[in-house]
Structures are given as structure tokens and as C-alpha cells.
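Welcome! Here are a few exercises to work through with the structure in view. Try each task before you read its solution.

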Amino acid sequence: MLKNRISIGIPIETDHHLMLRYRKNGSGGVDENMEQSRYDTATTDRIVELRLPSRLGYERVAMDTAAALARRMGFDDQRIESLRTAIAEAVTNAIEHGNAQNEAMKVTVLLTLRPDELVVSVADQGVRPLNLDDLDASPRIEDALARTDKGGWGIWLIRSLMDEVEITTTPAGGNQIRMVIHLEH
Amino acid sequence: LAVRSTLVNDLEFEVCFPSEFGFEKIARDAVACFARRLGFSASQIDDLKTVTCEACVNAIEHGNHCLPEQIVQVRCCGRSGFLFVEIIDQGQFTIPLTFQAPSMSMKLQGLAAKRGMGIQIIGFLVDEFGFEPLPEGGTRFWFAMTKERINDDAGR
């Protein structure tokens, strides 16, 4: 077994392209006080980006990460649970339907921190595009009881738990759901 | 690098965040959750969290000089039994090829800065680690953990 071996390498070719995920909204500068929490500065969006494998169970990584962020932003436990449930639904949909559980395909989750809200965007690679026309209808419990498949409640649940929800198709053809949860002071 | 190449087709997870203190905890929780899904033990996940935090703080502070517009990228490759993590910054920090962490006695005697134990701590907690400058700038730090160490943990 490899054990405590230190390696100092030489430059190699790499396929890493770090994407700039930082945007200034205003003219304010960056707080230079390193010890101070930055979540209260009103001038910037901070974006955490996750790329998950399309395997059921790994939605928990997104749930836990978003919950950790929300906790640091000051959301209460009840709102954090709502957020976790909404993200679980959105990422599960992306894994199961959007990417058809093809583990080579990624689900991308963007968590955008703003002073008064957290914006969560979940995107898949669109093997099975959502029918956007069907998403506005509320599911009926009678219909669900009559079906073998009891699914189909995810979008309704997300809309019930989040303050804003928008479902679109990405330019590349994937499905994207954008959810906003407001920080209530 | 040989270790990494065997993991290309395995499960991959990635998290990117701005270079601000505090985000290392978000990365820590994300990597821990990923490792939990792979079946790593609670004890190893504790080690993993410590190492991830140390490496991310180094990337934020030394690599990206705490500039929020500079991104830290954490990539994990794994399967049940093995985890490979790399932390990439965009900075210009030059790694001294003769790097040797000062000893604790040197620190206690005031002959070295009190800080700078991160690499030593990392060395105690993972199976293998290393770092290298990247051609496009920045530094790639990596470490590997195997699940077989669970047996080692049981004995200590």
C-alpha cells in the first residue's frame, strides 16, 4: 500500500479549465479582512459549483453541500430541510430522467450566494428532455392512486417548498431548474 | 499519477468555490459526503475532512492570495475502496523543490514560524500526497486514501 509518499511533480498537460464563477454586481470592492465572514457583503455573488455523477444516492452530496452553505448564511433548520428536499427532488430528476442514470453524464449544481437569498440551479445533459407544457399542471392524488407508478410529484413539491422556481432548457438541450429560497431576517 | 490514471472511468465529483475563508468548510462537507457514499469509515472521513480543509486553506491563502475572483477546484475520483482528491488553485505560488517542514522543536524555540504544520499533518493522515505547478499557472495538490486503512484504524 502507498503510505506517506510525498511527490513533487513537474508541469504536465492538463485538461482542467477553471471556470470563473464570480461576478460583481456593483462597484463595491472586495472586503480585505480575511477573518470576517464574507456572506454579508452586498456587492458580490459567490458561486459554488458542483458536478455530480449520475448515480442515485449522490444527490446527497448536493443536499449536504447546500445545507452547509444555507446554515452559514443564517437559514433556520426548517428552511434548510425544505431546501434539502427540493434539491433532492431536482437532482434525482436530473440523474434519473435527464441523464437516464448514465454515470458518465454529469449533473451540475450551481449554488449562488446572495445577501438575502440562495439561488440553486440544477442542470442535466438532457437525454430525456422534460415536457415543459406538462409541468404547470398540479398532480392529483386520485390519479396517482390509480397508477402503478406513484412518482410525478417532484416538481409540485419543489414549487411548494421554494420561493421561486423556473424550469428551462439549456442551450445544449439539457433540462435546468432554477430555485430561489429567500433569507428571512 | 499512475494511481490517478486508474480512476479515470470511476465516479467523479467536483466542487469549485471562490477563494474566501469559510468555503473550505463547504468543500470539506461535500468531499466527506462523497466519501461516505463510497463507503469510507467515519474515522477515515474525519481524516479526510481535516486534510481537505488544510489543502483548501493553503489553496485559498497561498495559491490564490485570498482573491475571491480566483477559483479553487476540488476534484474527487473514487470507487468503493479508493479515493483520489486533487485541489487546484490558480495562483503563482512557487513550490520550493527542497521543501522541508520545520520541526516542532524549531517552532518551540522560535526558530521557525508557528504555522506551517499543514503538510506534516496531511502526511500523517493520507496514504500518499504530492503537488506540482501547472503549465497554465496555479498548483495542483493531490492526495490518495485507500479503504484498507480501516484495518489500520482498528489497531490504533
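A salt bridge here is a side-chain nitrogen of Lys or Arg within 4 Å of a carboxyl oxygen of Asp or Glu. This is a predicted model, where local features need pLDDT of at least 70, side-chain atom pairs count only at pLDDT 80 or more, and totals for chains, interfaces and linings use all residues. Residues are numbered from 1 along each chain as its sequence is written, chains are lettered from A and ligands numbered from 1 in the order in which they are written, and side-chain values use heavy atoms, leaving out hydrogens and water.

**Exercise 1.** Find the residue whose side chain meets A:Asp163 in a salt bridge, and decide how buried each partner is.

*Solution.* Start with the partner: A:Arg79, with N and O 2.6 Å apart. Next, place the two: A:Asp163 is in the loop between helix H4 (154-161) and strand S6 (164-169) of chain A, while A:Arg79 is in helix H2 of chain A, 84 residues away. Helices (H or I, at least four residues) and strands (E, at least two) are DSSP runs numbered from the N terminus. For burial, under 20% relative accessible area is buried, over 50% exposed and in between partly exposed (1.4 Å probe, protein chains only). A:Asp163 has 36% relative accessibility, so it counts as partly exposed. A:Arg79 has 15%, so it counts as buried.

**Exercise 2.** Which residue of chain B forms a salt bridge with A:Arg46?

*Solution.* The partner is B:Glu20, the closest N and O atoms being 2.8 Å apart. A:Arg46 lies in strand S3 (residues 44-53) of chain A and B:Glu20 in the loop between strand S1 (11-18) and helix H2 (23-37) of chain B, so this pair joins two chains. Both A:Arg46 and B:Glu20 are buried.

**Exercise 3.** Trace the bridge between B:Glu86 and B:Arg140 and the network around it.

*Solution.* First, the closest N and O atoms of B:Glu86 and B:Arg140 are 2.5 Å apart. B:Glu86 lies in strand S3 (residues 82-88) and B:Arg140 in strand S5 (residues 139-146) of chain B, so the pair ties together parts 54 residues apart in sequence. B:Glu86 is buried, at 1% relative accessible area, and B:Arg140 is buried at 1% too. Finally, salt bridges that share partners join these two residues into one network with others, including A:Glu49, A:Arg51 and B:Glu12.

**Exercise 4.** How many salt bridges does the rule give over all chains?

*Solution.* The count comes to 17.
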